[in-house]
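Here are some comments on the model, written for someone who is new to reading structures. Please keep the sequence and the 3D view open while going through the points.

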Amino acid sequence: MFNSRQYEWADITVFAGGRDITGIRSIKYSTKQEKELLHGKGNNPLSIQKGNKTNEGEIGLLQSELEALEVAAGGSILDLELNVVVTYGNPSKGDAVKTDQLIGVQFTEDPRELKQGDKFMEITVPFLFLEKKPLV
């Protein structure tokens with residue numbers, strides 16, 4: 001039987017540095033590949049040429065989670081390299097669980113922002129990673 005239930009935010013779990021990140025507010029990651037049309041005779045392309053792949057993303061964290069990562073890094077998150085495991089699905093709801101492992105995650109910025117009226121600090125931290133592996 002096919003289950004068409006969609007994943008929701010409550011169905012996601014993210015592990016980084018060997019622990020469940022409970023102060024996560026968002027996660028986004030993607031793999032891109034350079035592609036270019038190859039033209040020759042005429043005005044229609046002959047093929048599509050492929051180039052380098054790039055893996056990047058960003059994670060939205062509460063201030064306390066970012067500070068915990070800083071402690072793990074011994075100061076700056078820019079010095080940290082870790083694997084991040086993202087699990088989608090809730091088996092108690094009949095979901096098939098999907099898991100991605102992001103290998104070699106390194107943060108590229110260490111931003112902070114807080115505005116008048118904010119009740120907490122949410123920090124979006126961009127990152128690069130070497131490879132995405134599905135875990136079975």
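1. Which side chain does that of Asp110 meet in a salt bridge? The partner is Arg112, and the N to O distance between the two side chains is 2.4 Å. Please keep in mind, here and in what follows, that this is a predicted model. Asp110 counts as partly exposed because its relative accessibility is 30%, which falls between the 20% limit for buried and the 50% limit for exposed. Arg112 also counts as partly exposed, at 40% relative accessibility. The two residues belong to a network of salt bridges that also links Glu70.

2. General layout of the chain. The chain has one helix and eight strands, and when read from the N terminus on, these elements follow the order β-β-β-β-α-β-β-β-β. The radius of gyration is 19 Å, whereas the globule rule gives 14 Å for 136 residues, and therefore the chain is more spread out than a compact globule. Taken along the principal axes, the C-alpha atoms fill a box of roughly 60 × 45 × 30 Å.

3. Burial, surface and contacts. Of the 136 residues, 32% count as buried, and the accessible surface of the chain comes to about 9200 Å², with 51% of that surface belonging to carbon and sulfur atoms. Among the contacts with a separation of 6 or more, 61% are made by residues that lie 24 or more positions apart.

4. The other salt bridges. The structure holds seven salt bridges, and one of them joins the side chains of Glu65 and Arg19, with 2.6 Å from N to O. This pair links distant parts of the chain, since Glu65 sits in helix α1 (residues 63-73) and Arg19 in strand β2 (residues 19-20), 46 residues apart. Glu65 is buried, at 6% relative accessibility, while Arg19 is partly exposed, with a relative accessible area of 34%. Another of the salt bridges is formed by Lys115 and Asp118, whose closest N and O atoms are 3.9 Å apart, and Asp118 counts as partly exposed at 34% relative accessibility.

5. The aromatic pairs. A pair of aromatic rings is described by the distance of the centres and the angle of the planes. The structure holds four aromatic pairs. In one of them, the rings of Phe107 and Phe127 have centres 6.4 Å apart and planes at 85°, and because an angle over 60 degrees counts as edge-to-face, this pair is given that name. Phe107 lies in strand β6 (residues 98-107) and Phe127 in strand β7 (residues 122-128), so the pair ties together parts that are 20 residues apart in sequence. Phe127 also pairs with Phe129, this time in a tilted arrangement with 6.0 Å from centre to centre and 50° between the planes.

6. Where these rings sit. Phe107 is buried at 9% relative accessibility, Phe127 is buried with a relative accessible area of 3%, and Phe129 is buried with 5%. Together with Tyr29, these three residues form one aromatic cluster.

7. The hairpin of β3 and β4. Strand β3 (residues 24-39) pairs with strand β4 (residues 45-62) in the antiparallel sense, over 14 bridges. Thr31, for example, has Asn55 in β4 as its bridge partner. Five residues lie between the strands of this hairpin, where Gly42 takes a positive phi near 85°.

Key: Residues numbered from 1 in each chain as written. Predicted model: local features only at pLDDT ≥ 70, side-chain atom pairs only at ≥ 80, totals over all residues. Heavy atoms only, no water. Phe/Tyr/Trp six-rings, centres within 6.5 Å; stacked < 30°, edge-to-face > 60°. Helix = DSSP H or I, 4+ residues; strand = E, 2+ residues; numbered from the N terminus. Buried < 20%, exposed > 50% of the residue type's maximum accessible area, 1.4 Å probe, protein only. Pairing = 2+ DSSP bridges. Salt bridge = Lys/Arg side-chain N within 4 Å of Asp/Glu carboxyl O. Rg over C-alpha atoms; globule rule 2.2 N^0.38 Å. Contact = heavy atoms within 4.5 Å. Areas by Shrake-Rupley, 256 points an atom, 1.4 Å probe, with all protein chains shown as cover.
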